[in-house]
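Let's take a friendly walk through the backbone of this protein. Here are its sequence and structure.

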Amino acid sequence: MSVETIPENAEERDPQQEIVETTPLLGGESNSRTATTTKVPEVEIHLYRCGKGPIDVFKSNLGGWEQNQLEVRPILEKYGLKSIFAFNVERGRAAPIRFHPRNGWSVLMYRDGAVVYIDGEPQDSVLKPITRIVLGVAIVMLLITFLMKDPPAWIKNNISMGNFPPWVLACVVIVVTRARKKTRDFFKKCGW
């Protein structure tokens, strides 16, 4: 067995092995602590959906390094929106509120206690375009069946599609559906 010897010189001692108790530098009791509370900056948000509402009025904390940026991503997720815009009740939508893709903070800065009016654009439903495509294909097949005197062989025999590629029909329905969606605003601007 080996016996460790403790060096007698102060120079040879390891300073990390020594535990020294010191008195606190500040006067008073060492156990009492004072808690400081800081007010988190927040804004009041009036949220509209497609110009209708307000659907909700709530307070949101400001984030960012200087605590002056709106936390946009939680608002988008909570209310199912794909984008938000600055909003004026009398004039309608204004500029979109941009945000950083990594942290979700707005690019614009806001003042603590400000009242912000926001208009949101809802997310597109996944089910809606699919049902339109299925209904479009079904209607086209029914029209072909009823309007033609002699329906094609591929309609008579549903099991085999014959020489007609069904993906062409599906592509036509998709293109027509998407074109209608894109030109909807165009017809509204023309007064239709």
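Glu44 stands opposite Val115 in β7. Strands here are DSSP runs of E with at least two residues, numbered from the N terminus. Strand β1 (residues 42-49) and strand β7 (residues 115-122) pair in the parallel sense over six bridges; two strands pair if DSSP finds at least two bridges between them.

A word on the model: it is predicted, so local features need pLDDT of at least 70, side-chain atom pairs count only at pLDDT 80 or more, and totals for chains, interfaces and linings use all residues. Residues are numbered from 1 along each chain as its sequence is written, and side-chain values use heavy atoms, leaving out hydrogens and water.

The open sheet has seven strands in the order β5-β4-β7-β1-β2-β3-β6, with mixed pairing. β5 (92-96) and β6 (105-109) stand at the edges with a single partner strand each, so one side of each has no neighbour in the sheet.

Next come some backbone details. Gly53 and Pro54 are joined by a cis peptide bond, with omega about 15 degrees, and Pro54 has its place in strand β2 (residues 52-63). Two residues that are not glycine have a positive phi. Both count as partly exposed, that is, between buried (under 20% relative accessible area) and exposed (over 50%), using a 1.4 Å probe and protein chains only.

| Residue | Phi | Loop | Relative accessible area |
|---|---|---|---|
| Cys50 | about 55 degrees | between β1 and β2 | 42% |
| Gln67 | near 55 degrees | between β2 and β3 (69-71) | 35% |

Conventions
Helix = DSSP H or I, 4+ residues; strand = E, 2+ residues; numbered from the N terminus.
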